[in-house]
Amino acid sequence: MLKELGSREVNLTLTKKILDLNWGLVLLICLTASVGFLMLYSAANGDINPWASRQMIRFAAGMFILFVVALTDIRIWLRLAYPFYAIALLMLGSVEVMGVIGMGARRWVELGPIQVQPSEVMKITLIMALARYFHGLDMNEVRRIPWLIPPLILIAMPAGLVLRQPDLGTTLLLVAGAGIVFFAAGVRLWKFALVIGAAIPAGFFAYQFLHDYQKKRILIFLNPESDPLGSGYHIMQSKIALGSGGIFGKGFVQGTQSHLNYLPEMRTDFIFSMLAEEFGMVGGLALFTLYFMLIAYGFAIAIRSRNQFGRLLAIGLTGVFFLYFFINIAMVMGLVPVVGVPLPLISYGGTSMLTLLISFGLIISVYIHRDVYISPRKY
Amino acid sequence: MSNTRDKEKSRLFNRRALLLGSGQAALMSVLAGRLYYLQVMQSDEYTMMADENRMNIRLLAPLRGRILDRTGQEIASNRQNFRVVLVREQTENVEKTLDRLSDLVEVSEDDRLKVLKETRRKRGFVPIPVMENLTWEEFSRINVHSPELPGIHLEVGEKRHYPYNHLFSHTVGYVGAVSERDLRNLEPDPLLELPGFRIGKSGIEKFYDMKLRGTAGTSRVEANAYGRVIRELSRQEGEPGEDLELTIDVRLQDYAVERMGEESAAAVVLDIHSGDILSMVSVPSFNPNSFTTGISVKEWEGLRSNPKNPLSNKAITGQYPPGSTFKMVVALAALEAGVISPDYKVFCGGHTMLGKHKFHCWKRGGHGKLNLAESIAQSCDVYFYDIARKVGIDKIAEMANHFGLGEKLDLDLYGEKRGLIPTTSWKQAVRGERWQVGDTFNAGIGQGYVLTTPLQLAVMTARLANGGKKVLPRLVRHQAPIQNDGEKAVAVQEAEEIGLSKSALQHVLRGMFEVVNDKKGTAFGARIDEDGREMAGKSGTAQVRRISKKERLTGVLKAEERPWEERDHALFVAYAPYDNPKYAVSVIVEHGGSASKVAAPMARDLLMEAMKLDPIAQTRENDAEKDSSAVRGRDA
């Protein structure tokens with residue numbers, strides 16, 4: 001039996017790892033990011049500067065990190081899951097103390113020359129920590145409530161801190177991403193029903209503690225006409241951009257909504273509206289396809305992994321990726337409130353690009369080390 | 001063991017992953033469906049909204065119609081206004097740019113601070129006015145140096161210009177920015193909302209504002225969310241305002257203003273047949289150009305505090321007792337009522353008694369026995385006390401009204417005053433007192449309650465001179481561009497007849513002739529000696545301050561010895577030529593003292609000038625029967 005376990009615990013050579021790298025996924029990532037470059041080029045009225053060029057440099061740097069992460073042994077990531085989580089939590093806490101105020105909320109900390117958004121880092125480390133936790137539980141334990149308390153604390157601490165920043169969008173992403181890990185780990189469905197059932201009155205309670213602008217956003221979402229020139233204006237203009245794009249769009253760099261500055265935040269949160277305006281439904285669905293394939297890759301990798309850590313990590317990170325995508329698109333289409341979630345791999349921004357590429361690095365690492373057996377109790 | 005456990009875990013995971021995957025796929029199809037809904041089903045609606053978003057209609061201010069005099073000279077025109085504007089986002093350092101600009105042209109400290117304040121308030125691409133009314137030299141100097149002046153732009157706009165400065169300020173008025181009150185009172189016109197748009201604020205500019213204003217053009221532009229214009233999509237030019245031709249003759253106006261010099265005075269010259277106002281003067285005046293560009297507080301205060309009242313148009317708003325110039329009306333009232341005949345004589349011993357009250361004649365020693373014409377010529381007060389009492393105030397008032405006194409003459413100007421011709425019922429209603437015979441005495445010599453404006457006096461004179469036709473004064477000659485039909489262009493609506501008996505009028509006019517042409521006449525010194533151009537007129541003195549009995553006893557001070565503001569107003573009304581009357585004039589010199597020495601020569605000179613300036617009109621008059629083409633020639 002021991003022998004059997006040992007035989008699975010292979011140490012792969014670097015060459016073998018590189019050859020085994022999931023090149024299809026890498027190509028998809030590059031393609032999706034390229035759509036982003038194209039849109040940033042358009043946003044600058046057909047100029048690579050200032051946004052597309054910078055985004056490309058970030059992407060190149062991010063890809064390098066992706067490879068490093070991917071080639072690192074999955075067991076190292078397992079071992080580092082809790083320490084990373086602790087560091088990210090500390091950083092989040094420090095935002096409270098010395099965070100930089102941006103967009104009316106404190107979200108960044110200065111780490112030497114770069115500004116880091118700890119809430120972004122937390123999205124990865126929380127999934128890692130939860131994957132590791134559930135990796136160490138057997139099926140009976142997963143089904144017992146006391147065993148679920150530690151991971152709930154793991155969620156509650158960062159979620160509370162991020163909510164205080166205040167960043168409703170990221171909070172939701174953290175909680176929902178964690179929920180996916182819970183679900184995939186085998187937590188009974190009725191428990192989810194219970195939590196959701198409890199969340200609704202809690203939500204009403206929590207509503208009172210929201211900042212005015214957050215309350216306003218929710219109210220405006222429920223009744224956009226109440227604020228045609230404020231937050232409702234953003235949604236309205238985004239819908240106009242989308243709707244006026246039609247089936248084939250207005251053409252590259254031809255979007256009137258975006259180029260005449262009617263579209264707010266068109267480089268970041270509302271970049272999809274610009275895409276859909278210029279490339280129409282055809283372009284929008286093409287992008288959906290890219291995302292679909294990226295997510296499908298994530299699922300495939302998760303299913304193929306022979307260790308629970310890898311499975312949960314891959315499905316959790318893919319889930320967060322999906323949530324990014326879904327919330328952003330639903331937001332610009334006016335299906336959910338404006339919460340400030342970027343379109344993954346496409347929106348302009350350094351931290352989110354880096355975290356996403358690190359996530360994919362981890363997913364690829366799961367793929368490379370898919371056959372590595374990791375004892376639940378070993379680490 | 002762990003292997004089976006792991007298998008169990010893996011199976012469960014796969015089931016859950018499948019569930020998750022289907023869930024996510026389902027959510028993605030919701031998004032795709034929404035995409036279809038927005039981009040296909042609702043596409044038309046949103047396309048329309050997108051167009052509305054980017055299309056902006058901009059107004060194009062029409063060119064304001066010009067105001068011309070009767071000879072076609074521009075009294076109000078539009079002038080290119082060379083402006084400097086600054087676009088903040090195009091310069092790195094506003095201060096530095098302004099420094100460089102002030103090396104080329106003088107930029108006042110005030111302007112500089114104003115620009116800096118504006119740059120902080122307005123969006124970066126909004127042009128901020130730096131300087132206006134640059135000379136061509138300044139404009140080209142900046143133009144040459146424009147590469148060193150980032151963010152500085154030169155613009156050419158239109159600005160109202162009054163080339164004659166103060167000559168027509170009261171009549172023509174001026175334009176100014178639209179005020180809150182204007183917005184409430186005027187008919188809604190999108191132009192009024194246009195920043196920098198100017199409307200007529202007084203005079204003709206105000207009265208004919210709608211005609212002069214024209215209609216707005218529109219320019220459809222593509223604009224971004226901040227309102228910055230990207231490009232013009234289409235353009236529809238508006239209608240420029242109509243030109244307006246006034247009856248005024250620039251040359252006569254210029255002469256009149258010059259002639260009246262430093263006095264505080266008003267004069268109106270009329271064509272007695274058409275009612276054309278050839279000149280309407282109120283001095284001192286102001287420069288309407290400074291109102292158009294924005295008047296300084298100092299200048300405004302100077303105008304306001306000036307005792308000679310440069311801001312008011314004395315010709316139509318100044319109400320003065322007409323004094324002896326009123327005597328023609330009294331005489332005609334008495335003659336028409338049949339209470340006297342032209343040969344009726346009165347002895348003047350220097351005063352007359354009414355009960356215990358003594359009513360003086362201006363001539364202390366008295367005039368002796370006078371008939372009507374003589375009493376007009378010598379302006380005997382006692383004669384008019386007598387006939388006024390005979391005819392009564394109500395008859396006098398009726399006659400005065402026939403001559404345009406005490407009523408508005410519907411001139412194309414705002415603010416015209418109606419003056420006051422008292423009646424018994426007026427006194428009862430307004431004063432709550434009964435009319436006294438003493439009041440009639442005072443009214444008989446144009447004092448007491450009687451008030452008239454210089455315009456009314458000119459109209460009165462014109463109606464006397466034209467044989468009793470109720471001509472109305474007019475300022476605008478042709479409201480439509482003159483067509484080739486010369487006859488029509490000069491045709492004046494036949495004025496209504498007052499219905500005076502020829503002989504009665506003849507006696508009064510004879511009296512007026514003698515005022516200036518008889519040695520005993522009050523204004524003999526102001527006569528016109530040229531044959532065929534003789535003038536007839538009447539002097540008048542409007543008492544500003546009653547002379548007290550004590551002063552009378554101690555010997556009345558000479559006008560020159562009293563303070564300016566206590567001196568009497570000097571009036572003179574006249575027409576010429578006597579044989580073939582054409583022009584009527586009224587002159588009032590506030591606190592001018594002697595009517596015959598101050599006002600009469602002015603009236604004479606104005607009439608002389610009017611006759612000199614209009615030789616063609618005389619030709620027309622002479623040739624009217626012979627050749628109608630001469631008429632056409634004049635007006636074409």
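Colleague: Which residue just after α19(B) takes a positive phi?

Modeller: In this predicted model, that residue is G446(B), with a phi of about 70 degrees.

Colleague: What does the helix before it look like, mostly covered or mostly open?

Modeller: Helix α19 of chain B spans residues 437-444, and seven of its eight residues are buried. They are G438(B), D439(B), T440(B), F441(B), N442(B), A443(B) and G444(B).

Colleague: Which elements do the buried residues of α19(B) pack against?

Modeller: A general point on helices comes first. An α-helix has 3.6 residues a turn, so residues three or four places apart point the same way. In this case the buried residues of α19(B) pack against four helices and two strands of chain B, which can be listed:
- the helices α14 (327-337), α16 (381-391), α17 (393-402) and α18 (424-431);
- the strands β14 (351-354) and β15 (357-360).

Colleague: How should I read the burial of a single residue, say S375(B): is it buried or exposed?

Modeller: Look at its relative accessibility against the 20% cut-off for buried. S375(B) has 0% relative accessibility and therefore counts as buried. The residue sits in helix α15 of chain B, residues 372-377. Beyond its neighbours within four places in sequence, S375(B) is in contact with L370(B), C380(B), Y383(B) and F384(B).

Colleague: And in chain A, what does F309(A) touch?

Modeller: Leaving out residues up to four places away in sequence, F309(A) touches I74(A), W77(A), L78(A), M128(A), A131(A), R132(A) and H135(A). F309(A) belongs to helix α15 of chain A and counts as buried because its relative accessibility is 0%. Sequence distance and spatial distance are separate things here: F309(A) and M128(A) are 181 residues apart in sequence, with their C-alpha atoms 8.1 Å apart.

Colleague: How do I read chain B as a whole?

Modeller: Start with the elements, then burial, then contacts. Chain B has 26 helices and 20 strands. Of its 636 residues, 50% are buried. Among contacts in chain B with a separation of 6 or more, 73% are between residues 24 or more positions apart.

Colleague: Which residues have the most contacts inside the largest nonpolar core?

Modeller: In soluble globular proteins, nonpolar side chains tend to be buried together. The largest core in this model has 135 residues, and M280(B), F572(B) and V587(B) have the most contacts inside it. Helix α24 of chain B, residues 595-613, gives the most to this core, with 11 residues. Another core lies apart from it and has 124 residues, including L263(A), M331(A), V338(A) and M28(B).

Colleague: How many residues of each chain are in contact across the interface of chain A and chain B?

Modeller: The size of an interface is often given as the accessible area lost when the parts come together. Here 62 residues of chain A are in contact with 42 residues of chain B. The two chains bury about 4,400 Å² between them, and 69% of that is on carbon and sulfur atoms. The rule finds nine residue pairs in polar contact across this interface. On the side of chain A that touches chain B, at least two residues each come from α1 (2-8), α6 (118-135), α9 (168-185), α12 (231-245), α13 (256-259), α14 (271-304) and α15 (308-332). The largest share, 13 residues, comes from α14(A). By type, that side divides into 39 nonpolar, 15 polar and eight charged residues.

Colleague: How many salt bridges cross this interface?

Modeller: The rule finds zero between chain A and chain B, while the structure holds 31 over all chains.

Colleague: Which residue forms a salt bridge with D276(B)?

Modeller: The partner is R70(B), and the closest N and O atoms are 3.4 Å apart. The two residues are 206 residues apart: D276(B) is in the loop between β11 (265-271) and β12 (277-283), and R70(B) in the loop between β2 (67-68) and β3 (74-86) of chain B. Both D276(B) and R70(B) are buried.

Colleague: Where do R160(B) and E205(B) lie?

Modeller: Their side chains meet in a salt bridge of 2.7 Å, N to O. R160(B) lies in strand β5 (residues 152-161) and E205(B) in helix α8 (residues 203-207) of chain B, so the pair ties together parts 45 residues apart in sequence. R160(B) is buried at 5% relative accessible area, and E205(B) is buried at 0%. Salt bridges that share partners join R64(B), R160(B), E205(B), D209(B) and R213(B) into one network.

Definitions and conventions
Residues numbered from 1 in each chain as written. Chains lettered and ligands numbered in written order. Predicted model: local features only at pLDDT ≥ 70, side-chain atom pairs only at ≥ 80, totals over all residues. Heavy atoms only, no water. Contact = heavy atoms within 4.5 Å. Buried area = accessible area lost by both parts, 1.4 Å probe. Salt bridge = Lys/Arg side-chain N within 4 Å of Asp/Glu carboxyl O. Polar contact = N/O pair within 3.5 Å; in protein donor to acceptor, adjacent residues only side chain to side chain. Nonpolar A, V, L, I, M, F, W, Y, C, P; charged D, E, K, R; others polar. Core = buried A, V, L, I, M, F, W, Y, C linked by side-chain atoms within 4.5 Å. Buried < 20%, exposed > 50% of the residue type's maximum accessible area, 1.4 Å probe, protein only.
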